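Biologist: Could you take me through this structure slowly, one question at a time, and explain each term as it comes up?

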Amino acid sequence: MALVRVKNLSRVFDVSKPWLNRVIERRSKAFLTAVSEVDFEVEPRSTYALVGESGSGKSTIGKMLVGLLKPSSGTVEIEDIDLASETDAAKIDAIRSDIQMIFQDPYASLNPRWRVRDIIVEPVASRGGNTEGLAEKLLEQVGLSVQDAGKFPHEFSGGQRQRICIARALASEPNLIVCDEPTSALDVSVQAQVLNLMSDLKDDFGLTYVLISHDLTVVRHMADKIGVLYLGRLVEEASPNDLFETPKHPYTQMLLEAAPQMDGFGREVQPPEGEIPDPINPPSGCAFHPRCPIAQDVCKQQRPEMRSLNGTRVACHLAE
Amino acid sequence: MADPVLSIRDLSVEIPTRHGIVRPVDGVSYDIQAGEILGIVGESGAGKSMAGNAVIGLLNPPAHISKGEIWLNGQRIDHLKGDAMRRLRGKEIGMVFQDPLTSLNPLLRIGDQLTETMMTHLTISRAEAEKRAVAALEEVGIPGAAERVNSYPHEFSGGMRQRVVIALALCAEPSLVIADEPTTALDVSVQAQIIALLRRLCRDRGTAVMLITHDMGVIAEATDRVAVMYAGRLAELGSVRDVLTHPQHPYTHGLMASTPLASQGKRRLHQIPGAMPRLDAVPDGCAFNPRCPHATDKCRQAPLPRLSGGRAACWYPLVDEKVI
Amino acid sequence: MSDFPIPVKPQSRLRIALDSDLFYTFRRSPVAMVSAAVVLVLMFSAIFAPLIAPTNPFNPASLNLMNGFTPPMTPNAFTGDSFLLGTDDQGRDVFSTILYGMRISLFVGVAAVFFAMVLGITLGLISGYVGGWTETIIMRTADVQLTFPSILVAMLIFGIAKGVTPVEYRDQMAIWVLILAIGLSDWVQFARVVRGATLVEKNKEYVQAARLIGRTPGAIMLRHILPNVLSPVLVIATISLALAIIAEATLSFLGVGAPPTQPSLGTLIRIGQGFLFSGEWWILLFPAITLLALALSVNLLGDWLRDALNPRLR
């Protein structure tokens, strides 16, 4: 029984210029497909990671999961409820307190004018819940001290702020936490502290994570299942071992090969060809075909369906 | 060994603030040889960029060099001012920054920027400079270089722009290139291209490169030697393989052990307790002592341990601590 | 498991204020300190005018026509009374009229700026946060209004408002009409700045976090965004105060502002200029100097505030 069920999810942004410019310059409207027909499921108490480079649509998916953005088509069901179409206010409210998010920038995600106590209890206080001693309890759980409740965010370092963000995310006792690049703004030694904390909390509270990241080492360390995105499309989904040992999609192979390795002293790799295409005019067929070393004619014409292959799912005509 | 291209001797940078003087760079010494890539690694606030800025004379007042010497090709440059520094910067030192857009003039075609730079610093004719501009773009791997010289910076993608910046940094044939987080803003696949390019150019031309980054993976793959900085001081300096596989300074060891490694799966990550001290609250003695598992009273008192002969600035360097 | 200890001391708002960079730069700027002192002294004396002023210039019982046109610091030829800044044609003490006039000027200025601020912040927040057609309508209205000089807009509003007020209330209402007119002519700046700051803040992650837990747009605007857009508003409010005081003086000088029964600094200057060429220069000069000192120091204070806050508005 999956906790999160994403079906055929797409999101299109209108990136046209204002109509007057369009009329004068004789241009038509421009649309950017950030996410295109993505399917996946997240099991309860697991960590599902979405990896991809810039423009892969991973953050857009994250925002649709938590209801900050509405899908253009397709559905996101969490505990069998679709936030975008549900009309029962009580159900929406119940789901909202079950979903939380941790953001990338610990400096922008805390209101600088609020005291830490008020920040942490807001998810509960705004529903009129009991917040007595809540902030203090959560602060201790994330490794800060009780006295910190009376301080302002600017008195904390980046790592400590991210702990406060985690405390806020835990306040409403959620089941699902979407973590959007939770450690990419942090230094390595602080990143280790935050990742360990996230693992501990997952076990203690029975949490489910959707982890959005561009960092393959973090993803491998945290995830139970990994979905690789390219240009808004899911190209491969596998367990960490399968993905890192036997990547099936040429893009995954390229990504793993290109990532710098800590023990790769003087490693001479053939750097990958080309760059990520413009998402406003994505290539026909398989979006990766212009950079793919094994592309054939069928790849240029037909978009590959997601298919199962030895326990992983891959969207490639040629993978085997 | 040949004379180093760049030699920094006991360099300190000070910034007077209203809470007293802070020292973002404190007694740092290192050399870079021709054809060598020296990595400067450290967490935010370690002073790694500040050291690079001091070399090129780009410290923002009130920050200033308070102590030490900087030698470039046998010439002392730390006291150079204004015009002399600017000439040197273009001619002898090339710069590559994190954001390629800040190094390119958005209003000039990139061909013109390259030609201008070359004609300022090399004694060549315009026709010759134009020819070399195309060659320079070809060398950094820009397809269709002959046409692209007429493009403006905004017409390039992020990775291509960084290539243009590298071409620009190298076109006056400098002996030293300072690259400050050159790949941080780029995607993994493009990052690999840029690192490969830097390495090839450095090898082919014998340019010395100072590569400043926070990414241990980039350090491992790109550099020959590495300097690890902590709270403005040099913690460890040595060949990249030695430092990364057998760190002697407990900080380097902690840093390596806290990085998730592909080969080690889902083990619990090692944590260094605490965070780097703020520059206005650097502890006495070794700056790392409050976070160090091996610290003794000796570490908590001045004078601080210095790199002298050894690799690590530590009273009790680790032996045989294999990390990778 | 705990991060490095940054010294533990829960801070009060006052401590934070005294420790802030703003207070630090203030203490190091002589111009700001002098302007602040001048503004404080003037405001203080305006508020406590009844206690400070030697006479109440608007109480006919205290006036002696024989004291008319007494020069400053000189005993009157008939009564022997001496006045610090002299008297006007009706024997009113100029010093007292200035104190009372400043009360009106400051009251109108502060109230008009407050009105403009509330209106501008509300419209700016809404247009920045909601966007779409709401934003287009509000901001285009603002643009259109900006094409007219604000003093003209104020005169227009003043004229209309006066026209619809019943005659018997006109004098009574004049001050409030004046506040309305100046306030309405000045909201645009606030709305523009607040809209700009709102556009920046609303994309920050703490606002997304609040949206995520289902807070209403109203709550997000008031509780989250408003406190974070106030610093630029503070700068504009200060500079607007100087402009509003001048606008009030201009209107009153032109005779469309404060009524003669409640003369403001502008009214005093209008009255005074009639006597300039007959040699009674003090009736004009002292109110004019007061207006200058008031407007200038408020303005300098605003300039300093803008510079001091600017590095953090990047």
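Biologist: How much area is buried between chain B and chain A, and what share of it do carbon and sulfur atoms give?

Modeller: Please keep in mind that this is a predicted model, in which local features need pLDDT of at least 70 and side-chain atom pairs count only at pLDDT 80 or more, while totals for chains, interfaces and linings use all residues. Residues are numbered from 1 along each chain as its sequence is written, chains are lettered from A and ligands numbered from 1 in the order in which they are written, and side-chain values use heavy atoms, with hydrogens and water left out. Buried area is the accessible area (1.4 Å probe) that two parts lose on being put together, summed over both. Between chain B and chain A this comes to about 3600 Å², and the share from carbon and sulfur atoms is 54%.

Biologist: Which element gives the largest share of the side of chain B that touches chain A?

Modeller: Helices (H or I, at least four residues) and strands (E, at least two) are DSSP runs, numbered from the N terminus. The elements of chain B that give two or more residues to this side are α7 (158–170), α8 (188–205), α9 (216–222), α10 (240–245) and α11 (250–258). The largest share, nine residues, comes from α8(B).

Biologist: How many salt bridges, and how many residue pairs in polar contact, does the rule find across the interface of chain B and chain A?

Modeller: A salt bridge is a side-chain nitrogen of Lys or Arg within 4 Å of a carboxyl oxygen of Asp or Glu. A polar contact is a pair of N or O atoms within 3.5 Å, where within protein one must be able to donate a hydrogen and the other to accept it, and residues adjacent in sequence count only if both atoms are side-chain atoms. Across this interface the rule finds zero salt bridges, and the residue pairs in polar contact (both at pLDDT 80 or more) number 11.

Biologist: Which residues form the salt bridge between chain C and chain A?

Modeller: Contact means heavy atoms within 4.5 Å, and by that rule 27 residues of chain C are in contact with 35 residues of chain A. The count between chain C and chain A is one salt bridge. Its closest N and O atoms are 2.9 Å apart, and the two residues are C:Arg215 and A:Glu122.

Biologist: Why is helix α10 (residues 250–258) of chain A largely enclosed by the rest of the structure?

Modeller: Buried means under 20% relative accessible area, exposed over 50% and partly exposed in between (1.4 Å probe, protein chains only). The buried residues of α10(A) pack against α8 (216–222), β9 (225–230), β10 (233–238) and α9 (240–245) of chain A, together with α8 of chain B. The helix is largely enclosed because the buried residues number seven of the nine.

Biologist: Is A:Arg161 buried or exposed, and which backbone oxygen does its side chain reach?

Modeller: A:Arg161 lies in helix α6 (residues 158–171) of chain A, and its relative accessible area of 8% makes it buried. Among the residues in contact with A:Arg161, leaving aside neighbours within four places in sequence, are A:Pro106, A:Tyr107 and A:Leu110. At 3.2 Å, its side chain reaches the backbone oxygen of A:Phe156.

Biologist: Which backbone oxygen lies 3.0 Å from a polar atom of the side chain of A:His289?

Modeller: A:His289 is placed in the loop between α10 and α11 (297–301) of chain A, and at 12% relative accessibility it counts as buried. The oxygen at 3.0 Å from its side chain is that of A:Cys286.

Biologist: Which residue stands opposite B:Ile37 in β8(B)?

Modeller: Five of the five residues of strand β3 (residues 37–41) of chain B are buried, with B:Ile37, B:Gly39 and B:Val41 on one side and B:Leu38 and B:Ile40 on the other. Two strands pair if DSSP finds at least two bridges between them, and β3(B) pairs in the parallel sense with strand β8 (residues 208–213) of chain B over five bridges. Opposite B:Ile37 in β8(B) stands B:Val209.

Biologist: Which are the edge strands of the open sheet of four strands in chain B?

Modeller: The order of this sheet is β2-β1-β4-β5 in chain B, with antiparallel pairing. Each edge strand pairs on one side only, and the two are β2 (20–32) and β5 (75–76) of chain B.
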